[in-house]
Amino acid sequence: MYTFTGIINKVTIILFEYFNKYPQLIFNKVFEYANIDKTYIYERLVSICYGICLERQNDDGFINNLLKENIDKIYNLQFGENPTNPKYNYIVVDSIKHLVDLAVYKEIYTVNEAEIDNFSNYKFTIGTWFEIKEKDIEKVKEIYLHWTLSDNPEPLRGDFVHYTIPRLEKRDNENRLTNTAHIYRQILNLGYRPNQIELSKTELKFKNGESLYGVKDKIDRLGKKYSWMSFFDYAGYLLNEGKLNIWNEEDSEYKKSYSRLGDIEIEVSNPKPVKFNEKLYLYDLFLHIDESQNWVYKPMYDSLLNLFEDKEFIMLSGFINQRQSESYDNRSFLLIDSFFIKKESISENIDDILGTEFDWRDDVVNSRSSLSKVYYGELYWADNIPTALLNHKDLPLETEEEVGHMITPFDILHYPAKYKKEDLNKVVQIQKKKRISFEFEQTLTDYLWESNSKVIPSISSTIPNTNIGKQLSLRADTKNLQILDENNILAHKSYNFEEDYYSQNFEYFRTDLLLEYMHSNNYLLMYQVKQHTYDRNSGDGTGDFRGMQFFLSSLNK
């Protein structure tokens with residue numbers, strides 16, 4: 001009846017580790033608990049089962065035997081013409097759907113052709129959901145109209161109604177009232193009893209989520225537990241109706257893809273990140289400091305050249321940050337990003353941008369694309385791994401050219417000595433810097449799983465972009481949070497090092513794999529290096545250098 005969040009997550013980890021040793025038992029437990037009406041335990045067991053399959057996905061013996069033996073029964077729990085134990089619970093539907101997708105990807109299972117469309121769109125056969133009436137809407141109208149910290153009606157609270165429920169649909173404000181009514185009705189259907197008066201002090205503390213003597217773990221309000229159970233049931237209903245907000249439409253960055261609800265808290269395979277703790281960059285960025293403020297203006301890009309590549313791996317990003325003391329009065333850092341350029345899209349000679357200082361406003365990479373609410377083991381095969389689209393960029397060159405320019409009201413206002421009112425819309429010839437344009441693709445993507453759990457915490461890493469992963473059939477090692485090639489050999493390395501007032505991190509990728517990807521797509525590899533060095537103590541304290549240059553990788557030769 002009562003929810004100890006920390007204990008539940010600890011038990012989840014214990015069960016994951018136990019069933020990972022004896023994986024047949026987790027399938028048995030899933031089938032056993034599929035029959036219960038309240039899905040909370042079943043939901044966790046299905047999640048654990050999926051997490052174990054993600055961790056063991058590179059184990060051919062597990063895939064070709066145990067998973068193959070059980071996958072048809074797993075599929076028929078939720079999908080197919082006559083599913084045996086269908087649930088509305090969104091987490092259950094999502095986990096089973098992707099578990100089957102994994103089996104399909106591994107070529108050990110095929111979904112019936114007549115059922116593939118419904119399956120691909122997360123549709124399933126189940127008894128009808130109830131209809132709400134006007135009295136159901138009236139019960140929640142007050143909290144819908146007025147945000148409040150108190151229960152109104154019990155157990156609904158303002159943050160849940162105004163912040164959580166609207167995430168279910170894109171046009172949240174139009175349906176929030178009816179969505180709230182559905183969820184409140186389901187809370188009652190699940191057995192929650194509001195306004196109970198005959199409770200002991202201890203029972204009342206449990207119900208209200210108050211701390212208890214001798215209990216360290218957080219206690220959730222009982223109503224909060226039922227609210228979330230109802231939320232995920234209703235999310236499954238909307239999913240089956242094709243109304244749930246779980247599809248990212250194609251935009252300037254990605255093609256259309258599935259997007260898991262952001263309200264799932266734990267990463268089911270619970271990876272333990274392995275990072276390489278090694279100091280790669282040995283140069284002191286303050287070696288040439290003197291008493292003048294002008295020392296900061298020395299470019300330090302060349303100090304990186306020997307780190308860009310070795311025989312096996314090539315750098316795709318890096319960050320070196322140095323200070324002389326605890327104070328931030330002086331600081332110097334180098335930020336390295338990389339990107340591919342489509343050769344046939346280049347409008348001018350790419351060599352013209354080399355060796356030139358650019359303003360940071362002309363950067364090609366200013367923030368990386370990101371993946372969130374993707375289980376690490378779903379890299380790079382699942383339907384929530386989008387295909388990245390090429391972006392367009394143009395940069396100014398040093399040389400100028402004569403171009404036609406139509407006079408605008410802005411020109412007349414700001415250059416009255418040069419342009420008169422009667423010149424509006426006339427075309428004149430002006431000198432303008434030439435620009436080089438090209439299409440590009442970032443090499444890396446930021447991976448993030450956010451969690452409020454202290455037991456199963458947030459996870460973050462930097463990974464090869466989704467196009468690289470898909471095209472090269474890269475695999476995830478969920479146990480160690482690593483990216484492997486199709487032969488389970490390490491393909492990507494993250495280096496992190498920190499001591500005193502110095503820190504660095506680098507991302508390296510296998511050179512042979514990168515060359516394969518570049519040749520297949522007719523790409524060049526380009527580096528963008530930014531430097532920021534400042535000193536508030538030397539000279540008059542105004543020394544502040546921000547520089548940026550581009551470098552071609554030697555792999556292009």
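Among contacts in the protein between residues at least 6 apart in sequence, what share joins residues at least 24 apart? In the predicted model described here, that share is 73%. The contacts in question belong to a protein of 557 residues, of which 52% count as buried, and its secondary structure comprises 14 helices and 17 strands.

Taken along the principal axes, the box filled by the C-alpha atoms of the protein has dimensions of roughly 80 × 65 × 55 Å. The area that the protein exposes comes to about 27,500 Å², with carbon and sulfur atoms supplying 47% of this area. With regard to charge, the side chains include 66 that are positive and 86 that are negative, and a distance of 6 Å separates the centres of the two sets.

Strand β5, which spans residues 313-323, is mostly covered, as 10 of its 11 residues are buried. This strand pairs with strand β15 (residues 502-510) in an antiparallel arrangement to which nine bridges contribute, and within this pairing N321 of β5 is placed opposite S503 of β15. Strand β5 is also paired with strand β6, formed by residues 330-342, again in the antiparallel sense and through six bridges; here Q322 has S332 of β6 as its bridge partner. Strands β5 and β6 together make up a hairpin, in which six residues lie between the two strands.

A further element of the fold is an open sheet of three strands, arranged in the order β7-β10-β11 and showing mixed pairing. The edges of this sheet are occupied by β7 (369-372) and β11 (459-464), each of which has a single partner strand, so that one side of each is left without a neighbour in the sheet. From one strand to the next, the twist of the sheet averages 25°. Within the sheet, the pairing between β7 and strand β10, the latter formed by residues 444-449, is in the parallel sense and extends over four bridges, and S370 of β7 has D446 in β10 as its bridge partner.

Definitions and conventions:
Residues numbered from 1 in each chain as written. Predicted model: local features only at pLDDT ≥ 70, side-chain atom pairs only at ≥ 80, totals over all residues. Heavy atoms only, no water. Buried < 20%, exposed > 50% of the residue type's maximum accessible area, 1.4 Å probe, protein only. Contact = heavy atoms within 4.5 Å. Areas by Shrake-Rupley, 256 points an atom, 1.4 Å probe, with all protein chains shown as cover. Lys, Arg positive; Asp, Glu negative; His and termini not counted. Charge placed at Lys NZ, Arg CZ, Asp CG, Glu CD. Pairing = 2+ DSSP bridges. Axes fitted to C-alpha atoms, helices over the stretch in contact; angles between N-to-C directions.
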